[in-house]
Structure formats: C-alpha cells, structure tokens
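This report describes helix packing and burial in a single protein chain. The structure is shown first, and the description follows.

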Amino acid sequence: MARRGTWAAAVRTPVGACSAVLLALVVALAALAPLLWGDGAAAIDTDAIGQGPSGAHPFGTDSLGRDLLLRTLVATRLSVGLAVLATAIGAGTGVVLGTLPSVLPRRVGRLLTAVVDIAVAFPGLLLALFLAVIFGVGTHGAVLAIGFAMAPAFARLVQTLSASVSGRDFVAAARIAGVGRIRLLARHVLPNIGEPLVVNATIGAGSALLAFAGLSFLGIGVQAPDYDWGRLLREGLDGIYVNPAAALAPAGAVVLAGLAFNLVGETVAAVVGIRTRVTRRGAPSAPAARPALAEHPADAVLVVENLRVAFPGPSGWTVPVRGVTFSVRAGEAIGVVGESGSGKSLTALAVSRLVEAPGVVTADRLEFAGKALADASDRDLGTALAMVFQDPMTSFNPARRVGGQLAEVSEQHHGLSRRQAFARAVDRLAAVRVPAAERRARQYPHEFSGGMRQRAMIGMGLMGRPKLIVADEPTTALDVTVQRQVLRLLARTREAEGAAILLISHDIAVVSQTCERMLVMYAGRIVEDLPTGSPARHPYTRALLATTVDLDTDRDQPLEVIPGRPPEPGQVPAGCAFAARCPLASERCRTEDPVLEPAGEGHRVACWHPQVTVLSGQSHEEGAA
C-alpha cells in the first residue's frame, strides 16, 4: 500500500503527470496507429505530390503524395519498438559484461574490465556508427549497433553497483555459507541493483531513440519500404525549402518520445531511489617486530598463529593486522576488545576467510576444526562456521524473504528440498525465540525489529551445526534491553550447540560478563590475553577498564578518558605502539616492541612495565619489570 501511495504521489507532481501523459500517448500510438491509419499512410495520391500544409494534410505530403502526419503517427511503432529492443540488448549485454569479471579468473576479468573502460571512453554515437559498418546497413544492423554501443556504459554501471553491494554483510554471509559465484550474483547482488538499472535503462531508451533516428537519417538504419522517424526526417529535409513543415512532424515526434522516456526515468528514480552505498575496508599499518608464539590446546577449534593481513598501497605493502596469535577451544567463549581501528573486525574476517583481493592473509598456522583454513571446503565453512555481523539490517538481503535466506544454507549444503529447507528455517527461527516463526519467515528484513533481525542472523548460523560462532559487535546497534537478550541468546546457543564463540566488541564490560577469556588488541596486535576476572596487567587494558561506566561510577567525578589517539595504521611507530599514550612509558618502550609473553596461568601480556588492576576497579602496583 505504501508503494502504491508513493507512485500515486509521484504521478501527481508536474514531472510525474507529464511523464504519465506522454508515455500513455506514445504507447497508444505505437499500438493503435498502424491499425487506424496504416492504409491511409501508405495511400499514394499523384494529384497531391509535394503539397504544403492544408486542411486535408496538416503537415503536407511527400514526393508520392502520402500524408506526412499519418506516416509520422504510423512510424511510432517501429521507431519506439526498435529503440526499446536496442535498449534491452544494451542493458542485457551490459549486465553480462559487468558481472563476468566476478566469475571469470582474475586476469581474464581484469582484461574484460579494461576493454569495457576503453569502450566507455568513446562517444556512444561514434561507437554505434563504427558497429553499424560491421553489422551492415539495415534495421537489424542498426539495432545491434546501438544495443552494443550502449552496453559498455551499462557494464560500467553494473560493475560500480555490484562493488557497492558486494561489500555488504549479507553477501559475506552468503559467501560463508558456500553459495557459488553465479548463484551469489543472481540471488544476492543483481536483485539489489535492479532498480537503478531499470532507471538508467528507461532514460537510456530516449538516447537509443535519438541514436536510431540518427542512423536512419544518415541512411544506414531503416531501409525502404519500411520507415521510421529518422527516415521521414531525412525525406523531409530533401524538400525543406519547398515545405519546411515536412521535417517538423518527425522531428517533433522524436523530441516528444525522447522527453517521455527521460521524464519517466526521472519519475521512477524519484520513487524507487538508487539505493547504493560504497563500502571500503582496509587501512595500512606497520609490520610486526617478531612473531608471538604460544602453545595451543589439543581441543582447539580455531588455531591462529602469527596472523598477518596485508594490503598494497602507494608506498608498498602495509599490514593492519600484525602477528596475531591465539586459539579458541571447543565450547569456549572469547572476547576481543579494543578501540576502533585496532584490527578486531579484520581479524574476524581473516579467520572467516572473507578478506578478498587485493588483501593477502598469511599465518604460520591458521586452522579451523583441525584443518588448514585455506584447504577447508565451502561446505565445511558453511555448516561449521557461523558469522554474526554488526549491523543486522545489512546482514540480510533486503530483496529476499528472511526464511528463504536461512533456507539457502540447507539447500546448498544439506541437499534439502526448498520446502524442507524452509521448514528447517522456521524451526531455527523458533529456536532463537522469534515469535510466530512461520509467519515471520515469510516477511522481509525491513519488517523485523533490530533485535529480531539479530536473532534471525544467529538463527542463520544455526542452520548448520556450528563449531564456532564469530560475532562481530552484534549488540552495537541495539538498545541495552535487546543487547542483553542477544547476549543471553548467544550463551544459550553455546550451551545447546556446544559451539565456541569469538565475540568482537569495543565494550569491555559486555565481554567481561559474557566470555571466559579476553583478547585486548591495539594497533593490529594482541597486547594482552587474560582470563575474565583476573587482574589486568597491560596499561592499555587498565585504561579501558577505567573508562567503563557502571551504576557504581561516581557521577561527581569527570569521566575517565585515554589521552591521545591510536596511531594511524600506516604510521605505527617503532617500539610499543601504545607508548605515546602510556604514563609508564620509558625509553625502552619507544625503541623496542614487547613480545606477548606468559604472565601467569592462562595469561599473556606484551608490556615492559606490566601492572595489576582487578576488574572490580581496585588496583595496586606490582612493580616495573
């Protein structure tokens, strides 16, 4: 109902009303003119050859005495039909060319992209003239020439829009589920860029109409005995000094029809909008000084040793994640905390195999469920690794129903039929406490509240039998009540499924209440790995704890802050990255980077001057190392 109301409101605007009237007129003429006036337009009258405007012939007659107004009206069907056909060929070819680089091998894809870029550099009409020579003179050659001349612009548009959608969380979730590239494009990418493509195709039809009239005017388009507006315009110009009105009718028709297409395109754009957003990820950093090694438990479901994520930059390779080492035991809950830009989310993407080119992930050891992550199949990752993203709205494909998106996992990996997979999706939604699960499964993501979308995202992870759930700040966009519900749901899921949890968060209080262990990251490295509830030793961890606000915080005192800012990823200084903000920093801290070393049972810290702070807020000095 809302969409119908939007269209009704658009049609009531001056632009919308004009576009509706003009489009209705063009469609009516294309459908009815040949039936009503086809015989009259073809009738030859030797007594009225080359006459000027009169009551019987408002725009005069041609060299055979045929009425120019009737011929212009009858030519509407061929002129508009050929323009629409050329637009369809251009848009279809452009979609194929724009999506092929995502499916083809990288080198072939780059070559195809380069060819498209070169073609876009040429003016469309010149490219159409060049192709018309190749395809030959006539209607068929002109249609192919104009269609393929339009294709590069559509291909570039598809590439740009696809890139913006491919960075969304729901595409990453589908990739984790093992959805193939072609299916990913067809079901997740293209449906979300369809609206801007339709808008541009509608506007492009007006350009195609003008281009087709131009080719026919030059004599390489429609050939006798057929005729379109371009051919009529050429014939009218031959006698323009005798009868100027002869060229006016087809010229006016081209202008009005082209205006109709463009106004319709603007109206469609105003209603549906072009909903795209470009997301860029990755920032430079400095390389790690030395790898940090650790012993990993035998029952570890995830083993990460000296993980590095590198991206190319203008001055060479940069490394925003620098030698991260940790492990997650089966059924264990580990929290990763730190300020924005510390590398938390990039680490989660790396262990989920979601860092794409040009990013490069290297590690001395990177294993999931006892296998090297690089060798794990899509089926293994799709069923044993679940990803819960930060923004539940972008985690789902807005163009598909929630139940269908959950069911896709079982269709892809469990071999279930669509009906069986949907039934399992309903069951999983019910398991994560989504009320009226069967009805909700048939709804779209925008019909869910934020907390319900996050529950549904967890339900998607439970479509398989996850051994590890990676939750990347799953409560950031939620109010405190819903945050608590989601955290409880993760805890129940962990207990019921026996799944380990890797919880990424900037809120150290949330992690301390939910997880058994805590990894504190700063400037792309883990600076402390400690059991929750044990004394914190690193000054950065202690500073994070001091900034935590709870009900016992003295409201008469100013809030604690960490002075300064984290280093830019491409400008990590020598020595300890936290030294510039640390009150205990010495000359050794500024020149020598500390290594993550044992500091007690289950505790590791990378600091030359570790202290002790109990999580309750009480602290005492242990003495500088």
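In this predicted model, helix α6 (residues 139–166) packs against α8 at an angle of about 150°, and the two axes lie 9 Å apart. An angle over 145 degrees counts as roughly antiparallel, and α6 is therefore roughly antiparallel to α8. The two helices cross in a right-handed sense. Sorted by class, the residues of this contact comprise 18 nonpolar and seven polar, with no charged residues.

A second helix pair is formed by α16 (residues 450–461) and α17 (residues 480–497), whose axes come within 10 Å and cross at roughly 15°. Because angles under 35 degrees count as roughly parallel, α16 and α17 are described as roughly parallel to each other. The crossing of α16 past α17 is right-handed. On the α16 side, the contact is made by Gly451, Gln454, Arg455 and Ile458, while α17 contributes Val482, Gln485, Val486, Leu489, Leu490 and Thr493. This contact of α16 with α17 consists of five nonpolar residues, four polar residues and one charged residue.

The two pairs are set out below.

| Helix pair | Crossing angle | Axis separation |
|---|---|---|
| α6 and α8 | about 150° | 9 Å |
| α16 and α17 | roughly 15° | within 10 Å |

Burial of individual helices is considered next. Helix α13 (residues 402–413) has nine of its twelve residues buried, so the rest of the structure largely encloses this helix. The buried positions in α13 are Val402, Gly403, Gln405, Leu406, Ala407, Glu408, Val409, Ser410 and His413. These buried residues pack against α8 (181–217), α12 (378–384), α14 (418–431), α15 (437–441) and α16. Thus α8 and α16, each a member of a helix pair described above, are also among the packing partners of α13. Just after α13, Gly415 adopts a positive phi of about 70°.

Helix α19 (residues 539–546) is likewise largely enclosed by the rest of the structure, since six of its eight residues are buried. In α19, the buried residues are Pro539, Tyr540, Thr541, Ala543, Leu544 and Leu545.

For the protein as a whole, the secondary structure amounts to 20 helices and 15 strands. The protein has 625 residues, of which 49% count as buried. Its exposed area is about 29,300 Å², with carbon and sulfur atoms supplying 58% of that area. Among contacts between residues at least 6 apart in sequence, 68% join residues at least 24 apart.

Technical notes
Residues are numbered from 1 along each chain as its sequence is written. This is a predicted model: local features need pLDDT of at least 70, side-chain atom pairs count only at pLDDT 80 or more; totals for chains, interfaces and linings use all residues. Side-chain values use heavy atoms; hydrogens and water are left out. Axes are lines fitted to C-alpha atoms, for helices over the stretch in contact, and angles run from 0 to 180 degrees between N-to-C directions. Helices (H or I, at least four residues) and strands (E, at least two) are DSSP runs, numbered from the N terminus. Angles under 35 degrees count as roughly parallel, over 145 as roughly antiparallel, 65 to 115 as roughly perpendicular and the rest as oblique. A crossing is left-handed if the near helix is turned anticlockwise from the far one by less than a right angle, and right-handed if clockwise. Contact means heavy atoms within 4.5 Å. Ala, Val, Leu, Ile, Met, Phe, Trp, Tyr, Cys and Pro count as nonpolar, Asp, Glu, Lys and Arg as charged, and the others, Gly among them, as polar. Buried means under 20% relative accessible area, exposed over 50%, partly exposed in between (1.4 Å probe, protein chains only). Accessible areas come from the Shrake-Rupley method with a 1.4 Å probe; for residues, only the protein chains shown count as cover.
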